[in-house]
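The following exercises concern a predicted model. Each sets a task and then works through the solution step by step.

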Amino acid sequence: MSNGYSVRGIVHDPTGQPVPNVSALVVDVDLGVDDPLGAVSTGLDGRFDLTFDADAFDGALEGAPELRLYVFDGGTRLAARAVDADGGRVEVTAERPTEAVPTMDEAMGMMEEMHHGLSGLRGMTNTPRAPTHPGQGRFGRMFPYLDAADHDVEFLKDLGLPGNELDESAASGSVADSETPSGFVFVGQFVDHDITLDPLSSLSRQVDPDAIRNFRTPRLDLDSVYGSGPEVSRFLYESPFRGGTRDRFLLADGRPDLPRNREGTALVGDPRNDENLVLSQFQYAMLNFHNAVFEGFPEDTENHFERAQQAARWHYQWIVLEEYLPMVCDETVVDAVRDGRRYFTIGREDRAYMPLEFAGAAYRFGHSQARLRYRVNDDAEGKLFGHGPDALSMGFQPVPASKAVDWSHLFEMGDGTDTQLARKIDPLLAPDLLDLPFVSSDEAWQRSLASRNLVRGHNLGLPSGQAVARAMGVETLSNDDLGFDAILHAHDQPTDTEAPLWYYVLAEARELADGEHLGPVGSRIVAEVLVGLIESDPRSFLTLQPNWTPTLPTPVSGATDDFTTADLLALALDDG
C-alpha cells in the first residue's frame with residue numbers, strides 16, 4: 001500500500017480573518033524532478049485539505065518528499081512556505097489584494113509575476129495549463145491560461161500531406177520569393193539548434209509536454225559550437241599532443257568540411273548541425289570564426305580562449321538582435337519588445353525556459369521560407385534533401401570540395417553574385433518537406449514536416465492562433481481571412497474550428513506583411529523570446545556592457561559599430 005501524505009491548514013489575513021476562495025498549490029521540490037501534487041480552493045473558513053500518496057512522486061530515488069505550499073489568488077501569488085508532510089496543521093498568512101478586477105494587460109503582468117514565483121523550483125519540467133501553475137522548467141507556456149485548440153488529429157495529419165493545401169507545388173499561381181537572402185533560413189535553423197535540444201521527444205508518438213525537457217541551455221551562447229568547453233568536450237578542439245592548442249577548434253585537414261571520425265560522423269557540439277549541406281557548412285564557418293577571432297588577439301592575452309569566446313558570442317548575439325530579428329519580424333514590434341517585454345518576462349535571476357508557443361509553432365516559420373532547390377556554388381545546384389544526382393547531400397556525411405558553399409549565392413557578399421532569395425512566409429511548403437526522404441515510416445504523415453508540425457502543436461496543447469491574437473489585443477484574423485474556412489470545408493471539419501497556431505502565424509504573415517516578415521502575433525512571440533533570452537543571460541553583452549558595439553572588422557558591410565552575417569562569413573573564411 002502506498003504511503004499517504006497530507007497537507008491541511010488555514011489561510012488567514014494579518015488580522016486573523018479567513019481568506020476564502022484562493023488556491024492552495026503543493027509541489028514536491030526534492031532533488032529530482034519537481035512535481036505539482038495538487039491544488040484546491042480554500043473554503044469560506046479559509047481551510048484547505050490536500051492528500052496524495054507516494055505514487056505522486058517521480059520515482060523511488062526521490063526520497064522523502066520536500067513540500068512547498070503556494071497560495072494564489074487568480075494570477076497573483078499571495079504566499080509561499082515550506083511545509084512538513086506529517087499531517088500537521090499549516091497556518092498561512094496571506095492578505096488578498098483589494099484592487100479592482102484587473103484589465104487584460106494587468107492580468108498578463110500578474111501571470112508573468114507568478115511565472116517568476118515558480119521559477120526557483122529546482123528541475124521543474126512540467127508545463128501544465130492550470131493558471132496557478134504555468135510550468136517553469138526548461139519548457140513553459142507564454143499563455144498558460146488559454147485553452148488548447150480543438151482539432152481532429154486525423155484532419156491535421158491529412159492537411160500536411162503532398163498534394164493538399166499546404167503543398168506549394170499544388171497551389172494555384174507561382175510561388176513568390178521574398179527580399180530576404182536565402183541564407184537567413186539557415187541562420188534561423190542554427191539559432192534554433194543553439195537554444196533547443198529535445199532528445200526525449202519522438203514525432204512518431206504522443207509528445208507529453210509535462211515530460212519534455214530542453215537539454216540545450218536556452219541561451220544564445222553558441223553551446224552548439226563550444227559544447228561544454230575545451231576541458232570537457234576535448235574532441236572538438238585541437239590536441240596539444242599533436243602540436244595544437246585546446247583554445248582552437250579542430251578542423252578537417254585541407255578540406256572545407258567539419259572534422260569527422262573514421263565513420264564520417266561530424267565532431268560537433270550538436271549533431272543536428274550536420275543534417276543538411278548548407279547548415280553543415282555554416283557550422284564549419286562558425287568553427288573558423290572562433291579560430292579567426294582567437295588569432296586576432298595577441299598571443300599573450302590573458303584568458304585568451306575566454307576572451308575569444310566572449311567576442312564570438314557577442315558578435316553573434318548582435319547579428320541576431322540587429323540583423324536577423326528586424327529582417328524576419330515586424331520592426332515596430334521588435335522595437336517595442338526591446339523597450340519592454342510583456343509575455344516572456346524572465347529576468348537575470350530566473351531560470352530561462354523555452355515557451356511552447358515559440359518552439360512548437362511560431363519559430364517554425366522558416367519551414368515555409370525554404371526553397372526546393374539551392375545553388376551552393378557556381379557548379380553545384382540541387383535539392384537540399386534526398387538521394388541521387390539531383391540532391392545536394394543526404395546529410396550527416398562528408399562534404400566534397402565540389403559542393404563547398406560559396407556564401408555569395410546565399411547572402412549578399414558585395415561581389416555582384418546573383419543571391420538566391422528565401423520564399424515568402426506563407427502556409428505553403430516545398431514538396432520535399434512534405435515527403436522527407438530521410439524519415440523511414442510507412443505512415444505518410446510522419447514523412448511530412450507540415451503534418452508533424454500540426455500534430456506536435458496539438459499534442460503540446462497549443463491554443464489557436466486567434467486565441468493568442470485576442471490575448472495580445474492585436475488584429476485577429478478570421479478563418480476566412482486566413483483561407484482556413486475553405487480548408488475546413490474541404491476536409492469536412494466544423495466551421496467554427498479556429499486555426500492552429502503554426503498555420504495562423506504563416507497565414508498572418510501572408511495577409512498582413514505580404515510574406516516579407518512575420519505579422520503581429522508571430523513577430524511578438526519570436527522577438528520576445530530571442531530578445532528575452534539575450535537580455536536575461538548574465539553573460540550577454542546586453543547584461544555586461546549594454547552600450548557595447550561590435551569591434552571586429554566589417555569586410556563586407558564596411559560599417560562602423562555594426563556587424564553582419566556576411567561580415568562574419570568573410571572573416572571566418574578569409575574572403576574579405
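**Exercise 1. Locate L250, decide whether it is buried, partly exposed or exposed, and list its contacts.**

Step 1. L250 is found in the loop that runs between α4 (223-226) and α5 (277-296).

Step 2. The relative accessible area of L250 is 28%. Buried requires under 20% and exposed requires over 50%, so L250 is classed as partly exposed.

Step 3. Leaving aside residues up to four places away in sequence, L250 touches F235, L236, Y237, E238, P259, L267 and L287.

Step 4. For L236, a backbone distance is also available: its C-alpha atom is separated by 5.8 Å from that of L250, although the two residues are 14 residues apart along the chain.

**Exercise 2. Describe the position of R371, its accessibility and its polar partners.**

Step 1. R371 is placed in the loop between α9 (366-369) and β11 (373-375).

Step 2. With a relative accessible area of 18%, R371 is buried.

Step 3. The side chain of R371 makes a polar contact of 3.3 Å with the side chain of D177. A polar atom of the R371 side chain also lies 3.4 Å from the backbone oxygen of R373.

Step 4. Beyond four places in sequence, the residues touched by R371 are D177, S182, Q420, L421, R423 and A430.

**Exercise 3. Determine which salt bridge R371 takes part in, and compare the accessibility classes of the two partners.**

Step 1. Side chains of opposite charge can pair when their charged atoms come close. R371 forms a salt bridge with D177, and the closest N and O atoms are 3.3 Å apart.

Step 2. This pair links distant parts of the chain, since D177 belongs to strand β9 (residues 177-181) and R371 to the loop between α9 and β11, 194 residues apart.

Step 3. D177 has a relative accessible area of 34% and is therefore partly exposed, whereas R371, at 18%, counts as buried.

**Exercise 4. State how many salt bridges are counted, and characterise the pairs E231–R234 and K424–D514.**

Step 1. The count comes to 22 salt bridges.

Step 2. In the pair of E231 and R234, the closest N and O atoms are 3.5 Å apart. E231 counts as exposed at 57% relative accessibility, and R234 as partly exposed at 42%.

Step 3. In the pair of K424 and D514, the closest N and O atoms are 2.9 Å apart. The two residues come from distant parts of the chain: K424 from the loop between β13 (421-423) and α10 (449-459), and D514 from the loop between α14 (501-513) and α15 (520-535), 90 residues apart.

Step 4. K424 is buried at 16% relative accessibility, while D514 is partly exposed at 47%.

Step 5. Salt bridges that share partners also join R255, D257, R260 and D274 into one network.

**Exercise 5. Classify the ring pairs Y226–F305 and F541–W548, and explain what the first of them ties together.**

Step 1. A pair of aromatic rings is described by the distance of the centres and the angle of the planes. The structure holds 23 aromatic pairs.

Step 2. For Y226 and F305, the distance is 5.9 Å centre to centre and the angle between the planes is 85°. An angle over 60 degrees counts as edge-to-face, so the Y226–F305 pair is edge-to-face.

Step 3. Y226 lies in helix α4 and F305 in helix α6 (residues 304-328), so their pair ties together parts that are 79 residues apart in sequence. Both Y226 and F305 are buried.

Step 4. F541 and W548 form a tilted pair, with 5.1 Å centre to centre and 50° between the planes. F541 is buried, at a relative accessible area of 2%, and W548 counts as buried at 11%.

Step 5. Ring pairs further link F184, F190, F282, Y316, W407 and F411 into a cluster.

**Exercise 6. Assess the span, bend and burial of α6.**

Step 1. α6 has 25 residues and reaches 35 Å from its first C-alpha to its last, which is close to the expected 36 Å.

Step 2. A kink of about 35° occurs in α6, centred on V320.

Step 3. Of the 25 residues in α6, 19 are buried, and the helix is thus mostly covered.

Definitions and conventions:
Residues numbered from 1 in each chain as written. Predicted model: local features only at pLDDT ≥ 70, side-chain atom pairs only at ≥ 80, totals over all residues. Heavy atoms only, no water. Helix = DSSP H or I, 4+ residues; strand = E, 2+ residues; numbered from the N terminus. Buried < 20%, exposed > 50% of the residue type's maximum accessible area, 1.4 Å probe, protein only. Polar contact = N/O pair within 3.5 Å; in protein donor to acceptor, adjacent residues only side chain to side chain. Contact = heavy atoms within 4.5 Å. Phe/Tyr/Trp six-rings, centres within 6.5 Å; stacked < 30°, edge-to-face > 60°. Salt bridge = Lys/Arg side-chain N within 4 Å of Asp/Glu carboxyl O. Expected span 1.5 Å × (residues − 1). Bend = angle between axes of the 7 residues up to and from the residue.
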